[in-house]
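User: Please take a close look at a single part of this structure, namely any space enclosed inside it, and describe what surrounds that space. I am new to this structure, so a careful and connected account would help me most.

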Amino acid sequence: MTVPTHHPGDTLLIDYAGGALGEAASLIVATHLALCPCCRLNVAEMEAVGGALLESIEPEEVDPACLETVLARLDDLPPLPRAPRPKLVCQPAEVPLLPEPLRRYVGSDLSRLPWKRLMRGMDCYDIPLGSGSGYDSERRGKARLMRLASGVGPPHHTHRGIELTLVLDGGFTDDLGQFARGDLSVADDSVRHRPVADEEGCLCLAVTDAPLHFTGALGLILNPFVKF
């Protein structure tokens, strides 16, 4: 098993460990953890520290009616889905092409998915999420599988929000470097790039919290019509 070289960063891992990420971002981080023993260990340590901090807090008396009020509010809220976590095993191990956190969402047979052709050599599958899969004012996030043939990639673009891309098979190269299986790319509005699939092609999981903004002459044509 190849150990990833591009990781989510401490801020993203802390938010994941603390349950602060939305479903789409939680899914891609959980899938990265299934492929990265180093980040699994980091998250385990973060959770241990968080647990120790909670235990050190002195309890304060609360209104006896507080519990009933909180429980009543919880009954009014829809359940918040969250991607399942992989086992916290620190030893490298072979995992299927689609690690378990992702496989629960899309199954294990990629040929059965209703892929949508975006352009020649580039297909995508929008992953249904429990909290909604479209862009909206709450910026819930969108998750999709991307399948790129050798030498193919989306046009040059920047971002109106955050774009997380996890390589599941093959690889791609852009202005940030070369990414292989298990590597996670993090891009925001400061990054302008054009990922291009390596010779063997690329299968990846991509999460965005806002549509991409295509740049250059082609972007002037695409942006009014394409919400990608």
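**The lining of the largest cavity**

Analyst: The strand β8 gives the lining of the largest cavity its largest share, which is five residues. Strands and helices here are DSSP runs numbered from the N terminus, with E and at least two residues for a strand, and H or I and at least four residues for a helix. The structure is a predicted model, in which local features need pLDDT of at least 70 and side-chain atom pairs count only at pLDDT 80 or more, while totals for chains, interfaces and linings use all residues. Residues are numbered from 1 along each chain as its sequence is written, and side-chain values use heavy atoms, with hydrogens and water left out.

A cavity is a set of points, on a 1 Å grid over the protein atoms alone, where a 1.4 Å probe fits but cannot get out, and its lining residues have an atom within 4 Å of a point. Points are joined across faces, edges and corners, and the volume is the space filled by probe spheres set on them. Counted in this way, there is one cavity of 30 Å³ or more, and the volume of the largest cavity is about 220 Å³. Its lining is made up of 18 residues, of which Met146, Pro154, Glu163, Thr165 and Ala206 are the closest to the centre. Eleven of the lining residues are nonpolar, five are polar and two are charged, where Ala, Val, Leu, Ile, Met, Phe, Trp, Tyr, Cys and Pro count as nonpolar, Asp, Glu, Lys and Arg as charged, and the others, Gly among them, as polar.

Three strands, β3 (142-148), β5 (163-174) and β8 (196-208), each supply at least two residues of this lining. Strands are said to pair if DSSP finds at least two bridges between them. The antiparallel pairing of β3 with β8 runs over seven bridges, and within it Leu145 has Leu205 of β8 as its bridge partner. β5 also pairs with β8 in the antiparallel sense, here over nine bridges, and Val167 stands opposite Cys204 of β8. Of the 13 residues in β8, ten are buried, so that this strand is mostly covered; buried means under 20% relative accessible area, exposed over 50%, and partly exposed in between, with a 1.4 Å probe and protein chains only.

β5 has a further partner, since it pairs with β6 (residues 177-180) in the antiparallel sense over four bridges. In that pairing Asp174 has Gly177 of β6 as its bridge partner, and the two strands form a hairpin with two residues between them.

The loop between β3 and β4 (157-159) holds Ala149, which counts as partly exposed because its relative accessibility is 35%. If its neighbours within four places in sequence are left aside, Ala149 is in contact, meaning heavy atoms within 4.5 Å, with Gly121, Ala197 and Gly201. Ala149 also lies 6.5 Å from Met122, C-alpha to C-alpha, although 27 residues separate the two in sequence.

For the wider setting, the protein chain has six helices and nine strands, and 42% of its 228 residues are buried. Among contacts in the chain with a separation of 6 or more, 69% join residues 24 or more positions apart. Two residues elsewhere illustrate the range of exposure. Leu33, in helix α2 (residues 23-35), counts as buried because its relative accessibility is 2%, whereas Glu94, in the loop between α4 (66-76) and α5 (100-106), counts as exposed because its value is 67%.

A word on confidence belongs here, expressed as pLDDT, the predictor's confidence in each residue from 0 to 100. The mean pLDDT of the protein chain is 85, and 82% of its residues reach 70 or more. Residues 132-138, however, have pLDDT below 50, and this stretch has 14 contacts in the model beyond near neighbours in sequence. Where pLDDT is low, the predicted coordinates should not be read in detail.

Note on methods: On a 1 Å grid over the protein atoms alone, a cavity is a set of points where a 1.4 Å probe fits but cannot get out, and a pocket is an open set with protein on both sides within 12 Å along at least five of seven lines; lining residues have an atom within 4 Å of a point.
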